[in-house]
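Reader: I should like a close look at one part of this structure, the pairing of side chains and of chains. Please set it out as a connected account, with each term explained where it is used.

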Amino acid sequence: MSDRSAALRLPRLAAHELVLLVILIVALAVLAALSDRFFTLDNLLNQGMLMTEVGLMAMPMTFVIVTGGIDLSVGSALGMCAILLGYSWHNWGFPLPLAIGFALLAGAAGGFVNGWFITRLNVPPLIMTIATLALYRGLAEGISQAHSVRGYPDWFYGLGQGALFGVPSQLWLFFAAILVFGVILGFTTFGRALRAIGFNETGARFSGVPVDRIKLIIYTASGTMAGLAAWIFVSRVSTTRSDMGTGMELDVIAAVVLGGTSIFGGVGTVFGTVLGLLLIQLLKDGLALTGVKGDATIMVIGTVLIASILVTSFAERRRDAARASNPRSPRATTTEGRETP
Amino acid sequence: MSGAALTQPAPRLRLSVSQEWLLAGAIVVLFVVVGLINPRFVASRNLQTILLGNAYVAVAAIGMSMVIVSGNIDISVGSLIGVLATVSGSLAVAGVPSVLAWLLPIALGVVVMAAQGAVVAYLGLPSIVVTLGMLSILKGGLISVTNGVWISNLPDDYHLAQWSLFGVVPVPVLFMLVLTVAAAWWMRNTATGRGIYAVGGNAEAARLCGIGRQRTVLMVFAIHGMFVGLAAVLFATQLSVIQSTVPPNLELTIITASVVGGVSILGGTGTVIGSTLAAVLIAAIGSSLIFVNLSPFWLRAVQGVLILITVLADIYRRRRRRGAR
């Protein structure tokens, strides 16, 4: 029991993150050797800019998956928020700042709806978010009738295309998000409660963890971040289309899972997710620079995803086997290397 | 909850029956209402378009339902259909006899899905992750190999839909009907078929009854691969030009059909008759939007609401049943 609580107390820097770090460093070295344009500040900042939208949504997604849930609707929520931003400004006459607020609010509402159904009516998260995946995309398509909105005023592009102290503006938001979500998951009661829910929901409930309220909060956060990502996305590409963010939920989930967050819940870190995001973006960029086409890159990412999970799974099995063969210290390793002796 | 799965088959059967009647009723109501607004909707020509154009969704949903009943999910199905349709079309254009152009993709579907099933069953990786990875591999692989080229000049005898039973039921629709009935019968009346429900409902109890979880999951994925292969062939043979890309959102349409058909995502319940009816209902709704002069851009929103209604109705019924006990 004491080991369990220790497991919950410390964020895990386990075998998986180490594996990822090694892959990441190897990838960096190889890519730097293959292309002299890769390891330039310009390129790296540019890549950071490109991964911000997926990255922002990956933060609350880490929380959601750590609790054993999933949110497939984020890509569609992004599309819905983007359309609401553009349409409320262009067609309904909202002032642009109000339109931005409206889009963020719509994202939060979308996430809240997911959370409400999941907690109050016990709809499985997979089903609920498949339903809203269709619904939110449908709203985006229905409201816009597939027309796009463009011609925003110049100041609007500051977030997506401008820079602050030489670093793209949205990257500051991303850094802040990493910090906030990382600290919450790693060092607060809330983060511990998230892992407790994913580890054993009934147990968490009986221990007095407000499971439903926490879930409602994290699904709402997930929708809100999709709204924020929509704002950044629209600002970056200067236009609003109803198909924005299509399939992005899979990129987000791939990054989170690649980062070592268990799809069964209970285990995961924001640091791992950041590593997953970096690795995917590096692969995309590096392969593109070395002349590999984007579509082959998707293939590599899929392979890396499966391979990394396989490696971790094998490592865990061997450890389990070792544990099973040594019954005198069955608990000693349950922290999975989270505690250094 | 899961403990009750094996001991109380009767309420579950009644539940699945009512889900199917509900869907059948919804289809009838839809046709009557839309038919009154616009009689052309119920013209046999339109009915045939709906059924012919969506038989492949229903066929793929049969396999998907089995996968979901066994407690797994397959996100790669849309990409695999895209790949297999391209393979089938390329073979046909290359002069391979049409029979082979139909059968080889099916075999390939079995191989790919069985490989995924083996990873899920024997290496213990979650199916959602494995099939997510496979989705990327297939999608990326397809476009980088073919560059999204269009396959045209398909031989005349390649198109399955030109034949029909008694001149009324086109071959793809025939496949849909026969396979649905056969799969439903098999899942309900054979030990192996019922094993899928057992594994999905309670893997531990199933194991104690002598039903191997791993073997069952591998088998389910292999069978699913066969249905996916056939779905790809039905999809490819109804086109005059095959675009070698992945049909967008196809996996979601197929999963939606299974779920609206009453297959519980938690595993252990649902029938393929429900999923086929749901596939028809979804297709009919899409078609009806045009006939009542609604923009087809609202289709996805309607689909989303439909899933929600289904899920809520299911929850309501479960609660009432629990209350009645």
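Author: Two rings of Phe, Tyr or Trp (for Trp, the six-membered ring) are taken as an aromatic pair if their centres lie within 6.5 Å; the pair is stacked if the planes are under 30 degrees apart, edge-to-face if over 60, and tilted for the rest. The model is a predicted one, in which local features need pLDDT of at least 70 and side-chain atom pairs count only at pLDDT 80 or more, while totals for chains, interfaces and linings use all residues; side-chain values use heavy atoms, without hydrogens and water. Residues are numbered from 1 along each chain as its sequence is written, and chains are lettered from A and ligands numbered from 1 in the order in which they are written.

By the ring rule there are 13 aromatic pairs over all chains. One of them joins W89(A) and Y152(A), which are stacked with their centres 4.8 Å apart and 20 degrees between the planes. This pair brings together distant parts of the chain, for W89(A) is in helix 4 (residues 74–90) of chain A and Y152(A) is in the loop between strand 1 (149–150) and helix 7 (158–161), 63 residues away. Here helices (H or I, at least four residues) and strands (E, at least two) are DSSP runs, numbered from the N terminus. Both W89(A) and Y152(A) are buried, a word that stands for under 20% relative accessible area, with exposed meaning over 50% and partly exposed the range in between (1.4 Å probe, protein chains only). The two residues also belong to one aromatic cluster with W155(A), F156(A) and Y157(A).

The chain that holds this cluster has 14 helices and four strands. Of the 341 residues of chain A, 55% count as buried. Where contact means heavy atoms within 4.5 Å, 77% of the contacts in chain A between residues at least 6 apart in sequence join residues at least 24 apart.

Charged pairs come next. Side chains of opposite charge can pair when their charged atoms come close. With a salt bridge defined as a side-chain nitrogen of Lys or Arg within 4 Å of a carboxyl oxygen of Asp or Glu, the whole structure has five over all chains. In one, E53(A) meets R236(A), with 2.8 Å between the closest N and O atoms. E53(A) belongs to helix 3 (residues 41–66) of chain A and R236(A) to helix 11 (residues 211–237), so the bridge ties together parts that are 183 residues apart in sequence. E53(A) is buried because its relative accessibility is 1%, and R236(A) is likewise counted as buried at 18%.

Another salt bridge links E201(A) and R205(A) at 2.9 Å, N to O. These two residues lie in helix 10 (residues 201–206) of chain A, four residues apart, which is about one turn of the helix. E201(A) is partly exposed at 26% relative accessibility, as is R205(A) at 40%. Together with D212(A) and K215(A), E201(A) and R205(A) are linked in a network of salt bridges. A further bridge, at 3.0 Å from N to O, joins D243(A) to R241(A); D243(A) has a relative accessible area of 39% and is therefore partly exposed, and R241(A) is partly exposed at 41%.

The interface of the two chains follows. In it, 40 residues of chain B are in contact with 42 residues of chain A. The area buried between them is about 3600 Å², of which carbon and sulfur atoms give 81%; buried area is the accessible area (1.4 Å probe) that two parts lose on being put together, summed over both. The rule finds zero salt bridges across this interface. It also finds zero residue pairs in polar contact there (both at pLDDT 80 or more), a polar contact being a pair of N or O atoms within 3.5 Å in which, within protein, one must be able to donate a hydrogen and the other to accept it, residues adjacent in sequence counting only if both atoms are side-chain atoms.

On the side of chain B that touches chain A, helix 5 (98–123), helix 6 (127–146), helix 11 (250–260) and helix 13 (299–324) of chain B each supply at least two residues. Helix 6 of chain B gives the most, with 13 residues. The residues of this side comprise 27 nonpolar, eleven polar and two charged, where Ala, Val, Leu, Ile, Met, Phe, Trp, Tyr, Cys and Pro are nonpolar, Asp, Glu, Lys and Arg charged, and the others, Gly among them, polar.

T256(B) is in helix 11 of chain B and is buried at 4% relative accessibility. Leaving aside its neighbours within four places in sequence, T256(B) is in contact with I130(A), G261(B), I282(B) and I307(B).
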